[in-house]
Amino acid sequence: MNGKEFLEKLKEEIHNAVVGKDDVIELLSVALLAEGHVILEGIPGVAKTTVAKSFANALGLKFSRIQLTPDLLPADILGTVYYDQRDGKFKIKKGPIFANIILADEINRAQPKTQSALLEAMQEKQVTIEGRTFPLEDPFLVIATKNPLEFEGVYNLPEAQIDRFMLHIKVGYPDKEEELTLLIRKDKGDFREVKQIFTKGQILALINQVKKVKTSEDVLHYLYEIISRTRKDERLLIGASPRAAEHLLYASKALAFLRGRDYVIPDDIKEVAVSVLAHRLIVRAEYEIEGVKSEDIVREILEEVEVPV
């Protein structure tokens, strides 16, 4: 099975429960196959949870939803030790982090120590409980949702932690045609549960195929020039990190694979650059006041950097 066939089948199955959202499904697939993690940002009611759950169901992967709240502790996510009276032994109770796809709902509502526990698991792909280390199962994808409108009772993610997310996907309102289709299908009861159409073995095989996607030296120079420009732009306090460059490369390889190619072209980099880079960049206060956004800066850089022939 090639990447293009995989994506077409995945979209078709998810559309049994979701209207539109093709761009979100594609970027979630990019993150999964590139072994990255995702922030899904959007107001309540734009189907963030439905898309994430449908995505996991179609892939046949174990799904876990963690509703993050200010009183949630790291042990509530990672797991804890308990005493089993019947056996007279201490045992490990694994937390919801032990799944393939984790939906961390409203990640900015959790306290920093709880956020750190989740993000450490993302980075290390392992969990330590009472001195014992447990590896997390492959594939492992964290989808963290964020509501951009709420400012009370939230703990913003530090820049170092935001940098660990490969992609930042903004989920907006559906267009007129999509919303009318949604209402018509809701009225008719024309939504069905998403069924498993892939196996974990197939997903792991696809991940290995993505690693074999080639990138020419010219395209790597093009990617580096984009990253370098973010570090030199006077409007930015902080440019893209080396990890951002790696994530841009891996995401571009995954997108190329989903488009049916075994090599990266500059257009692949262009398509994922905003989602990979914008959330990592910090706009200087004097420019932010004037309405300058990191997304716009990335798009300007993409227009300016010469594309290799």
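At what angle do helix H9 and helix H10 pack, and how far apart are their axes? In this predicted model, H9 (residues 217-232) and H10 (residues 242-258) pack at about 145°, and 10 Å separates their axes. Their crossing is right-handed. From the H9 side, Leu220, Leu223, Ile227 and Arg231 take part in the contact, meeting Pro242, Ala244, Ala245, Leu248 and Leu249 of H10. Sorted by class, this contact between H9 and H10 holds eight nonpolar residues, one charged residue and no polar ones.

H10 also has a place in the account of the interior. The largest nonpolar core has 71 residues, and within this core Leu59 and Leu277 touch the most other members. H10 supplies the largest share of the core, with nine residues. A closer look at Leu59 is worthwhile: leaving aside residues up to four places away in sequence, Leu59 touches Phe6, Leu10, Leu32, Ile101, Gln196, Phe198, Thr199, Lys200 and Ile203. Another core, of 28 residues, lies apart from the largest one and includes Ala104, Ala117, Phe134 and Phe140.

Helix H13 (residues 294-304) offers a picture of its own. Its buried residues are Ser294, Glu295, Ile297, Val298, Ile301 and Leu302. Because these residues cover an arc of only 165° around the axis, they sit on the same side of H13. Glu303 and Glu304, on the other side of H13, are exposed. Among the elements covering the buried residues of H13 are H9, helix H11 (266-277) and the strands E9 (167-170), E10 (236-238) and E11 (282-283). H9 thus appears twice here, in the contact with H10 and in the cover of H13.

Note on methods. Residues numbered from 1 in each chain as written. Predicted model: local features only at pLDDT ≥ 70, side-chain atom pairs only at ≥ 80, totals over all residues. Heavy atoms only, no water. Axes fitted to C-alpha atoms, helices over the stretch in contact; angles between N-to-C directions. Helix = DSSP H or I, 4+ residues; strand = E, 2+ residues; numbered from the N terminus. Left-handed = near helix turned anticlockwise from the far one by under 90°. Contact = heavy atoms within 4.5 Å. Nonpolar A, V, L, I, M, F, W, Y, C, P; charged D, E, K, R; others polar. Core = buried A, V, L, I, M, F, W, Y, C linked by side-chain atoms within 4.5 Å. Buried < 20%, exposed > 50% of the residue type's maximum accessible area, 1.4 Å probe, protein only. Arc of directions from axis to C-beta.
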